[in-house]
Amino acid sequence: MNSSKISVVIDRSKCLGPIECGKCLKACPPGVFIAYPVNREKGKICNVYNVEAVHEDQCILCYECVKVCPTSAIEVKTKSDDEQ
């Protein structure tokens, strides 16, 4: 059987993050992306967040995230089991 594996790669050096941008979070129909706090400390408000593609298995290959990313930080790749 020839099934595809989907990989959603975010270039951290280009990503503006969910506070300044967040377009991928809004554009993705199945909700592949999440925002999470960086360096969270108890009792303090976190103002630094990253975006991560944690639900890659839900990706429908619509490429909306790639289209809306203003810095081209997102790449969606497919790889069949035969290539692995």
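**Reading loops, cysteines and a surface patch**

Guide: Let's start with a loop: serine 72 sits in the one between H3 and strand E4 (74–80). Keep in mind that this is a predicted model.

Visitor: Okay, what is the phi of serine 72 like?

Guide: First the general idea: most residues other than glycine have a negative phi. Serine 72 isn't a glycine, yet its phi is positive, about 55°. It counts as exposed because its relative accessibility is 54%.

Visitor: And which loop holds asparagine 39?

Guide: Asparagine 39 lies in the loop between strand E2 (33–37) and E3. This residue, not a glycine either, has a positive phi of about 55°. With 68% relative accessibility, asparagine 39 counts as exposed.

Visitor: Now the cysteines. How many disulfides does the structure hold?

Guide: A disulfide is a covalent bond joining the sulfur atoms of two cysteines. Here the count is zero.

Visitor: Why does cysteine 28 have no bond to cysteine 62?

Guide: The closest cysteine sulfur to that of cysteine 28 is in cysteine 62, 6.0 Å away, so it is too far for a bond; the cut-off is 2.5 Å. Likewise, the sulfur of cysteine 69 has its closest cysteine sulfur in cysteine 21, at 6.1 Å, too far for a bond.

Visitor: Are those two buried or exposed, cysteine 28 and cysteine 69?

Guide: Cysteine 28 is buried, at 13% relative accessibility, and cysteine 69 is buried too, at 15%.

Visitor: Last one: which residues make the nonpolar surface patch?

Guide: Leu61, Tyr63 and Val66 make it, and it covers about 210 Å². Leucine 61 is in the loop between strand E3 (49–53) and helix H3 (64–68), and its 33% relative accessibility makes it partly exposed.

Methods
Residues are numbered from 1 along each chain as its sequence is written. This is a predicted model: local features need pLDDT of at least 70, side-chain atom pairs count only at pLDDT 80 or more; totals for chains, interfaces and linings use all residues. Side-chain values use heavy atoms; hydrogens and water are left out. Patches are made of residues with over 30% relative accessible area and no salt bridge: like charges are joined within 9 Å, nonpolar side chains (Val, Leu, Ile, Met, Phe, Trp, Tyr) within 5 Å. Accessible areas come from the Shrake-Rupley method with a 1.4 Å probe; for residues, only the protein chains shown count as cover. A salt bridge is a side-chain nitrogen of Lys or Arg within 4 Å of a carboxyl oxygen of Asp or Glu. Helices (H or I, at least four residues) and strands (E, at least two) are DSSP runs, numbered from the N terminus. Buried means under 20% relative accessible area, exposed over 50%, partly exposed in between (1.4 Å probe, protein chains only).
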